[in-house]
Amino acid sequence: MSATVIQASGLSKRYERGATESSALLRDKLARALRAPWKGWSGQRQETFWALKDVSMEVQEGEVLGLIGRNGSGKTTLLKILSRITRPTSGTAELHGRVGSLLEVGTGFHPELTGRENTYLSGAILGMSRQEIARKFDEIVSFAELEKFIDTPVKHYSSGMYVRLAFAVAAHLEPEILLVDEVLAVGDINFQKKCLGRMSDVARAGRTVILVSHQLGQIRRLCQRVVWIDAGSVRRDASAQDVVNAYETAMSAGEFTSSDRSNMGGQKARFVRWEIAGEAPHSITSFGPVRIHFYLEVTEPIHRGHHGIALFNSERQLIWGKAADDLVLTPGTHRFTYEFPSLPLRPGPYSWLVSLFDGTEQIEMWEGVPEMGVATDSLQHPRDEWSGILNLPSELSVREEGGENGKSYR
């Protein structure tokens, strides 16, 4: 039976909107007191809100746990508490083992030190000896692809260089617990693939990983269990497939649309949802014809509409794209329908990107949510490295030249 390495009980965190009094400088407090002595040293009371509210969970040794939820739901606050970066307002968190965390670009790095010096510093903070760090050093530098810049102060690094080194250090110095936030989005596609592979290696080695990501395909592939944080509380805690499906269902039902897209007031048009015609509104389960609808709400007439669409796989590789010009759209709801004889894609998650322009003016650029799942049987090579993008039905027949007898293979 696996041991419990993370035990969180009743974690809550309260913040004040605007500047917090605890972080104000003494001179600022003195100036406020002189300007408004009747308010005393405490200053005007700020409005408070709960970033986390009574969150409890256990994580077992060797478990890969995913955290999902909308922006501002409390995921990063939870990781900061577990990393000992911030204190909870109430509740407790116990962690058993060395913790490596990557919560934001450059966390734990000193800008004046070189990449080499920061690597040794990070290892020392994790409790590793100089000999242990030296043994891993070349592997870390090679993974980060920073051989030419490892002796440059990190204050001169780009954000991409920063995150490459930060992840390489956190993942290679063998922490028992690895906490990773959405910072992987800073790197390019190839680096993200390397990071995912490294996290898989860490998990297979029996270490514990907590991963925050909005890329639900990553969560499905890497995590056995997922916790959905919503408005600072645990909304669901179950298997990855169960929780991600529930989250996607909530998104497709428009539950998050009003808050996540509230900054689009006054926009001429916006896509609000998409669906596949049939029993499974966001999954392809057969090799037959596929009809996909995208719904656009138009508030002002569009006279020279240009519409684009693209389909990406989980590694952000472009699978298909198309465009249409000279669209005339009147106010109201419009349904854009694409019909395909089939979409013979390998099983897994995919994402749509749809756009709309009026002449040269960009009106809308929408990442369709939820992701599209392809749940057909795999007709490809059983080894993943020989499995391609397309999932084409085929039949092999083997016959001796000049003979009539033979055998067919599907």
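Start with the surface: switch on the surface view of the protein chain, which exposes about 21,800 Å². Carbon and sulfur atoms supply 49% of that exposed area. Keep in mind that you are looking at a predicted model.

Next, go beneath the surface. Of the 410 residues of the protein chain, 43% count as buried. Now change to a cartoon view, where nine helices and 20 strands make up the list of elements to explore. How far apart in sequence are the residues that touch? Among contacts between residues at least 6 apart in sequence, 70% join residues at least 24 apart.

**Stop one: an open sheet**

Select β1, β2 and β4. These three strands form an open sheet in the order β2-β1-β4, and their pairing is antiparallel. Why is one side of β2 and of β4 left without a neighbour in the sheet? Select residues 48–60 for β2 and 90–95 for β4: both strands stand at the edges and each has a single partner strand, so one side of each has no neighbour there. Turn the view to follow the twist: on average, neighbouring strands of this sheet are turned by 20° against each other, direction ignored.

**Stop two: the β1 and β4 pair**

Select residues 4–16 to pick out β1, which runs antiparallel to β4 and is joined to it by five bridges. As background, strands of a sheet pair through backbone hydrogen bonds. Zoom in on Ser 12, and you will find Ser 90 of β4 standing opposite.

**Stop three: the helix on the sheet**

Finally, select residues 75–82, helix α2, which packs on the sheet and touches β1, β2 and β4. Compare directions here: that of α2 makes about 60° with that of β2.

How values were computed
Residues are numbered from 1 along each chain as its sequence is written. This is a predicted model: local features need pLDDT of at least 70, side-chain atom pairs count only at pLDDT 80 or more; totals for chains, interfaces and linings use all residues. Side-chain values use heavy atoms; hydrogens and water are left out. Helices (H or I, at least four residues) and strands (E, at least two) are DSSP runs, numbered from the N terminus. Buried means under 20% relative accessible area, exposed over 50%, partly exposed in between (1.4 Å probe, protein chains only). Contact means heavy atoms within 4.5 Å. Accessible areas come from the Shrake-Rupley method with a 1.4 Å probe; for residues, only the protein chains shown count as cover. Two strands pair if DSSP finds at least two bridges between them. Axes are lines fitted to C-alpha atoms, for helices over the stretch in contact, and angles run from 0 to 180 degrees between N-to-C directions.
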